[in-house]
Amino acid sequence: MAGVSGRARTRRELSAAALSLFADKGYEATTVDQIAAAAGVSRRTFFRYFPTKEDAVFPDHDATVARIEQMLEADRGAEPVAAVCRSIHEVLRMYTADPAVSLARYRLLREVPVLREREHAVVSRYQRLFTKHLLKHPSDDSPTERLLAEVEAAAVIAAHNHVLRRWLRADGVGDASSQLEEALQLVRRHRIETAPLGGPPTVVVTVAEACAGPESILEAVREALS
């Protein structure tokens, strides 16, 4: 594969072999030796790439986390929620880059509880990374600031997961990136607005016609808040 290093190629081949064997033989019945043999490498080589056989199901997350860390650092001067929304697209690209692999993994995770738990652990890494970036004053990590950062990070991840599951259930068909952008815009329109801890309450004044319906009034308030 052009543009892919030998190490990255071996890593992907091991992952592909693992997914294929898990689908054919079952997760529990498949051994590391069988995965290594199917990929044409030794058992020792397998463990250079993955600590356990379940790690072979998630070969790209470490690199994706590293890229997101770089993206967020480069976006340090930007509005924090906008930066996090931009970076979550990198996670989606990881899945959509190879639909066949993502679909195979999706089917496998639905059948193997230990792999679903492993995926939850992986997702928690993104949540911690986003929460850290969203904290306005990390040196003054108050309970309120941390709660709001965690809620916003969770909302962004939930939007991503909703779009990803919908794309997977559609067999990898559709413009997932555009769907994610729409979902993120919805999240941002309805995000929690709050005054700084200990500061004066925020007062918003808006004007609407007496005959305006609830949706029109809410939209006017959202515009005033923004």
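This is a short tour of helix contacts, nonpolar cores and one loop residue in a predicted model.

**Stop 1: α6 and α7**

Select helix α6, residues 99–111, and helix α8, residues 143–169, and keep α6 in view for the next two stops. Now add helix α7, residues 113–134. The axes of α6 and α7 come within 5 Å and cross at roughly 115 degrees. The two helices are therefore roughly perpendicular to each other. Their crossing is left-handed.

Show side chains at the contact. From α6, pick Leu108, Leu109, Arg110 and Glu111. From α7, pick Pro113, Leu115, Arg116 and Glu119. Colour them by character: four are nonpolar, four are charged, and no polar residue takes part.

**Stop 2: α6 and α8**

Hide α7 and turn to α8. The axes of α6 and α8 come within 10 Å and cross at roughly 100 degrees. That angle makes α6 roughly perpendicular to α8. Which residues make the contact? On α6, select Pro99, Ser102, Leu103 and Tyr106. On α8, select Trp167, Leu168 and Arg169. The contact residues of α6 and α8 divide into five nonpolar, one polar and one charged.

**Stop 3: the largest core**

Next, go to the largest nonpolar core, which has 33 residues. Start with the members that touch the most others: Ile68, Leu72, Ile88, Val91, Tyr126, Phe130 and Leu184. Then show the helices around these residues. At least two core residues come from each of α4 (61–74), α5 (80–96), α6, α7, α8 and α9 (176–189).

Centre on Leu184. What does Leu184 touch, leaving aside residues up to four places away in sequence? The partners are Cys85, Ile88, His89, Val156 and Ala159. Of these, Ile88 is itself listed among the core members that touch the most others.

**Stop 4: a second core**

There is also a separate core, with 21 residues. Select Leu21, Tyr27, Ala39 and Leu109, which are among its members. Leu109 was on screen earlier, as part of the α6 contact with α7.

As background, nonpolar side chains tend to be buried together in soluble globular proteins.

**Stop 5: Asp171**

Finish in the loop between α8 and α9, and select Asp171. Is Asp171 buried or exposed? Asp171 is exposed, with a relative accessible area of 53%. Check the backbone too. Asp171 has a positive phi of about 60 degrees, although this residue is not a glycine. Most residues other than glycine have a negative phi.

Definitions and conventions: Residues numbered from 1 in each chain as written. Predicted model: local features only at pLDDT ≥ 70, side-chain atom pairs only at ≥ 80, totals over all residues. Heavy atoms only, no water. Axes fitted to C-alpha atoms, helices over the stretch in contact; angles between N-to-C directions. Helix = DSSP H or I, 4+ residues; strand = E, 2+ residues; numbered from the N terminus. Parallel < 35°, antiparallel > 145°, perpendicular 65-115°, else oblique. Contact = heavy atoms within 4.5 Å. Nonpolar A, V, L, I, M, F, W, Y, C, P; charged D, E, K, R; others polar. Left-handed = near helix turned anticlockwise from the far one by under 90°. Core = buried A, V, L, I, M, F, W, Y, C linked by side-chain atoms within 4.5 Å. Buried < 20%, exposed > 50% of the residue type's maximum accessible area, 1.4 Å probe, protein only.
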